[in-house]
Amino acid sequence: MTWLSNCKLMVAALAGSAVVSALPGFTTFTPRADEELAAYDMHNRRDANPLLAREKAYDNCTAPIALVGKAPKKNIWGGLSNAEVTSILGYVHDPASGLNLTSYDKKTLWDNYVYLVEQVMPNKTEAVSYMEGSGPAPDRYARVAISFGATETPYYEDYIVGPLPISEKTKVEPLTYYYNKGTSKQYNFRHDNSVRNKWK
C-alpha cells in the first residue's frame, strides 16, 4: 500500500466520523446515569434539609477547651532541663573533675571544651520495670561530649555524668558502652589545618 493510499484512507475515516457526529440525535457524550443526577440533586437540596443544614452549622463551632491530663508516670525520656544542664556544666568544669576544661565562650581549638550535653536514655529493662509499676524510676545520666585540644594529639571523647541531680554519688567517667570499639575517642586532625594551609 502506497503513501497516497494511506492518506486517502485517513481522509475517508475523518470524513466518516464527521458525518456520523452530524447525524441528528447522536452525541459522543454518555448521558449521566440516574444515580449521578440524584446525587447532584441531593447536594443542591442540602440547605433545604433540616438535618443536613444542622450538620453544616456544626462546621462553624469553636473547638472545645483542651482537657488537661495527668500522666500516671513521670516522663523518663523527656530530656534534660536547663537547670540540669547548668549543674552538669558546673560539675565538669570544676577542677576536681580533672578534665581541665575551658568555658565555651573563651575556648580556642587548642583548649579542652564541652560542645554537647544531652540525656543518656535509660536502660530498657529498668524503664520497662518502672512503666509496669514494679520498679523505681531509672537514674538519670547525661552524655557530655568534649573536644580535647590541649594535647599533642587532639581528640574527641564522650563522658557519662550521673546519677542526676548532682550529688556525692555523681561521677564523671568515659562513656564506652555506646561504642562497639569500646571507646568513644576519635582523633581530631583539623587542628593542623592552619599549619597545613601555610604550605599550600
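These notebook entries record what I looked up in a predicted model of one protein chain.

**Entry 1. Overall layout**

I began with the secondary structure, which comes to 6 helices and 5 strands. Following the sequence, I read the order of elements as α-α-α-α-β-α-β-β-β-β-α. I then looked up burial for the chain: of its 200 residues, 22% are buried. The accessible surface is about 15500 Å², and carbon and sulfur atoms account for 58% of that area. For contacts between residues at least 6 apart in sequence, I noted that 53% join residues at least 24 apart.

**Entry 2. Salt bridges: the pair Arg140 and Glu84**

How many salt bridges does the structure hold? I found 3. As general background, side chains of opposite charge can pair when their charged atoms come close.

I took the pair of arginine 140 and glutamate 84 to begin with; their side chains meet in a salt bridge at 2.9 Å, N to O. Arginine 140 belongs to strand β2 (residues 140-148) and glutamate 84 to helix α4 (residues 82-93), so this pair ties together parts that are 56 residues apart in sequence. The two side chains are also listed as making a polar contact, at 2.9 Å.

Are these two residues buried or exposed? Both arginine 140 and glutamate 84 are buried. I checked the values against the cut-off: buried means under 20% relative accessible area. Arginine 140 has 18% relative accessibility and therefore counts as buried. Glutamate 84 also has a relative accessible area of 18%, so glutamate 84 is buried.

**Entry 3. Surroundings of Arg140 and Glu84**

I next listed the contacts of each partner, leaving aside residues up to four places away in sequence. Glutamate 84 touches Gly79 and Arg140. Arginine 140 touches Ile76, Gly79, Leu80, Glu84, Gln119, Gly162, Pro163 and Leu164. Gly79 thus appears in the list for glutamate 84 and in the list for arginine 140. I also looked up the separation of arginine 140 from tryptophan 77: they are 63 residues apart in sequence, and their C-alpha atoms are 9.5 Å apart in space.

**Entry 4. The network around Arg143**

Which residues are linked in a network of salt bridges? I recorded Glu118, Arg143 and Asp158.

The side chains of arginine 143 and glutamate 118 meet at 2.6 Å, N to O. This pair links distant parts of the chain, with arginine 143 in strand β2 and glutamate 118 in strand β1 (residues 112-120), 25 residues apart. The salt bridge between aspartate 158 and arginine 143 has its closest N and O atoms 3.0 Å apart. Aspartate 158 is in strand β3 (residues 155-164) and arginine 143 in strand β2, so the pair ties together parts that are 15 residues apart in sequence.

I then compared burial within the network. Arginine 143 is buried, with a relative accessible area of 16%, and aspartate 158 is buried as well. Glutamate 118, at 31% relative accessibility, counts as partly exposed.

**Entry 5. The nonpolar core**

In general, nonpolar side chains tend to be buried together in soluble globular proteins. I therefore looked up the largest nonpolar core, which has 14 residues; Ile88, Leu99 and Ile146 touch the most other members. Elements α4, β2 and β3 each supply at least two residues of this core.

What does isoleucine 88 touch, not counting residues up to four places away in sequence? I listed Leu80, Val117, Ala142, Val144, Val161 and Leu164. Leu80 and Leu164 also occur among the contacts of arginine 140.

**Entry 6. A nonpolar patch on the surface**

I turned to the surface and found a nonpolar patch of about 300 Å², made by Trp77, Met121 and Met131. Methionine 121 lies in the loop between β1 and α5 (124-131). The relative accessible area of methionine 121 is 44%, and this residue is partly exposed.

**Entry 7. The two ends of α5**

Which residue caps the N-terminal end of α5? I noted asparagine 123, with a side-chain oxygen 2.8 Å from the backbone nitrogen of threonine 125. Just after α5, I found that glycine 133 takes a positive phi of about 90 degrees.

Note on methods
Residues are numbered from 1 along each chain as its sequence is written. This is a predicted model: local features need pLDDT of at least 70, side-chain atom pairs count only at pLDDT 80 or more; totals for chains, interfaces and linings use all residues. Side-chain values use heavy atoms; hydrogens and water are left out. A salt bridge is a side-chain nitrogen of Lys or Arg within 4 Å of a carboxyl oxygen of Asp or Glu. Helices (H or I, at least four residues) and strands (E, at least two) are DSSP runs, numbered from the N terminus. Buried means under 20% relative accessible area, exposed over 50%, partly exposed in between (1.4 Å probe, protein chains only). Patches are made of residues with over 30% relative accessible area and no salt bridge: like charges are joined within 9 Å, nonpolar side chains (Val, Leu, Ile, Met, Phe, Trp, Tyr) within 5 Å. Accessible areas come from the Shrake-Rupley method with a 1.4 Å probe; for residues, only the protein chains shown count as cover. Contact means heavy atoms within 4.5 Å. A nonpolar core is a set of buried Ala, Val, Leu, Ile, Met, Phe, Trp, Tyr and Cys residues joined through side-chain atoms within 4.5 Å. A polar contact is a pair of N or O atoms within 3.5 Å; within protein, one must be able to donate a hydrogen and the other to accept it, and residues adjacent in sequence count only if both atoms are side-chain atoms.
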